[in-house]
Amino acid sequence: MERLTMRALVIDNPGRIALTDVPEPQRAGECRIRVRMAGICGTDLQLLEGYAGFRGIPGHEFVGVVESAPREDAAWIGKRVVGDINIGCGRCRWCAAGVKEHCDHRTVLGIRQHDGAFAEVLSLPACNLHEIPDTMDDETAVFVEPTAAACRILEQIAIDDRTRVAVLGDGRMGLLVAQVIRTATPGVIVLGRHEHKLAVARALGLSTERSDSRVTPADRFDVVVDVTGRPGGLQRALELVRPRGTVVMKSTFHGEAGLASWPVVVDEITLIGSRCGPFRPAIELLSSGAVKVKPLISRVASLAEHEAAFADARRALKVLLSP
Ligand SMILES: [Zn+2]
Ligand SMILES: [Zn+2]
């Protein structure tokens, strides 16, 4: 069968992305999904800078419509969906345990050996898909994947209504993380250094503070989530957490943290890495309005406007791409 072509943003060299005509993805046993909207996240900006030597089509936050599917998955055709980005091998012990995000042989949509969502069409197995309710618009649905990543924190550590949590970082991920944590405790504060982003946080009803303001030992937090995306974030998180507290590492910057590690020992800090999370609670939080995303959207651009879109994404909160 002749392969159709589509338009996609392709990284062919570190630092270079171009709108290109390429063959539509064709992966055995997967569904063909027409992308309606995709989101640019910090990981995409790092891939563009050469992280992981990525070549291909980036983009892993999306909402789309299933256009064709293997016969056994035909019920998905016509459904509006979002998708879990990890595709496991289906044979290893991780996959057997249902933890395909740690499968050694996984591919990852738009990140690892699997072309992504900055394209007209993408391919994913039906078992990765989640249907989106009609009441949720595309601009909201595209936030399911990063909201799920924020929900992962609530699976990893116990947070109750007395837990004091600082979210260090006022970017797009920080404001999602803070809203998700607010569903577990009112004691959450966003610490940042961009006044316009902190203003958005306050408009969402979140408490804010400058991240460089002085913290006395008595003010230290039970939990600090580092979502700065910067090497210095972890160091600052360790200054802000109380003895025997927990630091959640949500930044996947490309490089080394350059950390003085002794405070982790002396203060008996628990460090937890945190990546992808559960989609179902994310869909519920976005449906109920407990997590609001509209104030985070700075623009919706076409694929052809990618240069301006990526430039914006480096400064603004969320930039969406619509093919
Ligand atoms: Zn992302
Ligand atoms: Zn596997």
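A nonpolar patch is made of residues with over 30% relative accessible area and no salt bridge, whose nonpolar side chains are joined within 5 Å. The legends below describe close-up views of a predicted model.

**View 1. A nonpolar patch on the surface is formed by Trp 262, Val 265 and Val 266.** Together these three residues have about 380 Å² of accessible area. Val 265 belongs to helix α8, which covers residues 262–266, and Val 265 is exposed, with a relative accessible area of 64%.

**View 2. The zinc ion named ligand 1 is coordinated by Cys 41 and His 60.** The coordinating atoms are SG of Cys 41 and NE2 of His 60, at 2.0 to 2.2 Å. The pair links distant parts of the chain, 19 residues apart, since Cys 41 sits in the loop between β3 (31–40) and α1 (42–48), while His 60 sits in the loop between α1 and β4 (61–68). Are these two residues, Cys 41 and His 60, buried or exposed? Both of them are buried.

**View 3. The zinc ion named ligand 2 has four cysteines as its protein donors, namely Cys 89, Cys 92, Cys 95 and Cys 103.** Each cysteine contributes its SG atom, and these atoms lie 2.3 Å from the zinc ion. The angles among the 4 donor atoms run from 104 to 119°, and the site is tetrahedral. For comparison, the ideal angle at a metal with four tetrahedral donors is 109.5 degrees. Along the chain, the donors of this zinc ion follow the spacing C-x2-C-x2-C-x7-C. Cys 92 lies in the loop between β6 and α2 and Cys 103 in the loop between α2 and β7, so this pair ties together parts that are 11 residues apart in sequence. Cys 92 counts as buried at 18% relative accessibility, and Cys 103 is buried with a relative accessible area of 0%.

**View 4. Arg 314 and Glu 49 form a salt bridge, one of the 21 found in a search of the whole structure.** Side chains of opposite charge can pair when their charged atoms come close. In this pair the closest N and O atoms are 3.3 Å apart. Arg 314 lies in the loop between α10 and β17 (318–322), whereas Glu 49 lies in the loop between α1 and β4, so the salt bridge ties together parts of the chain that are 265 residues apart in sequence. Arg 314 is partly exposed, with a relative accessible area of 42%, while Glu 49 is exposed, with 55%.

**View 5. The side chains of Lys 100 and Asp 84 meet in a salt bridge.** The distance from N to O is 3.5 Å. Because Lys 100 is in the loop between α2 (93–96) and β7 (107–108) and Asp 84 is in the loop between β5 (80–83) and β6 (86–87), the pair ties together parts that are 16 residues apart in sequence. Lys 100 counts as buried at 19% relative accessibility, and Asp 84 is buried with a relative accessible area of 16%.

**View 6. A salt bridge joins Arg 242 to Asp 222.** Here the closest N and O atoms are 2.6 Å apart. Arg 242 lies in strand β14 (residues 241–249) and Asp 222 in strand β13 (residues 221–226), so parts that are 20 residues apart in sequence are tied together by this pair. Arg 242 counts as partly exposed at 31% relative accessibility, whereas Asp 222 is buried, with a relative accessible area of 19%.

**View 7. Helix α5 (residues 172–182) is largely enclosed by the rest of the structure.** This description holds because 9 of the 11 residues of the helix are buried. Among the buried residues are Arg 172, Gly 174, Leu 175 and Gln 179.

**View 8. Glu 139, in helix α3 (residues 138–141), touches residues that include Met 37 and Leu 320.** Val 293, Lys 294 and Ile 297 are also touched by Glu 139, not counting residues up to four places away in sequence. The C-alpha atoms of Glu 139 and Ile 297 are 8.3 Å apart in space, although the two residues are 158 residues apart in sequence. Glu 139 counts as partly exposed, at 26% relative accessibility.

Methods
Residues numbered from 1 in each chain as written. Chains lettered and ligands numbered in written order. Predicted model: local features only at pLDDT ≥ 70, side-chain atom pairs only at ≥ 80, totals over all residues. Heavy atoms only, no water. Donors = N, O, S within 2.8 Å, 3.2 Å for Na, K, Ca; no water. Helix = DSSP H or I, 4+ residues; strand = E, 2+ residues; numbered from the N terminus. Buried < 20%, exposed > 50% of the residue type's maximum accessible area, 1.4 Å probe, protein only. Salt bridge = Lys/Arg side-chain N within 4 Å of Asp/Glu carboxyl O. Patch = residues over 30% accessible without salt bridge, like charges linked within 9 Å, V, L, I, M, F, W, Y side chains within 5 Å. Areas by Shrake-Rupley, 256 points an atom, 1.4 Å probe, with all protein chains shown as cover. Tetrahedral: all angles 85-135°; square planar, octahedral: opposite > 155°, others 65-115°. Contact = heavy atoms within 4.5 Å.
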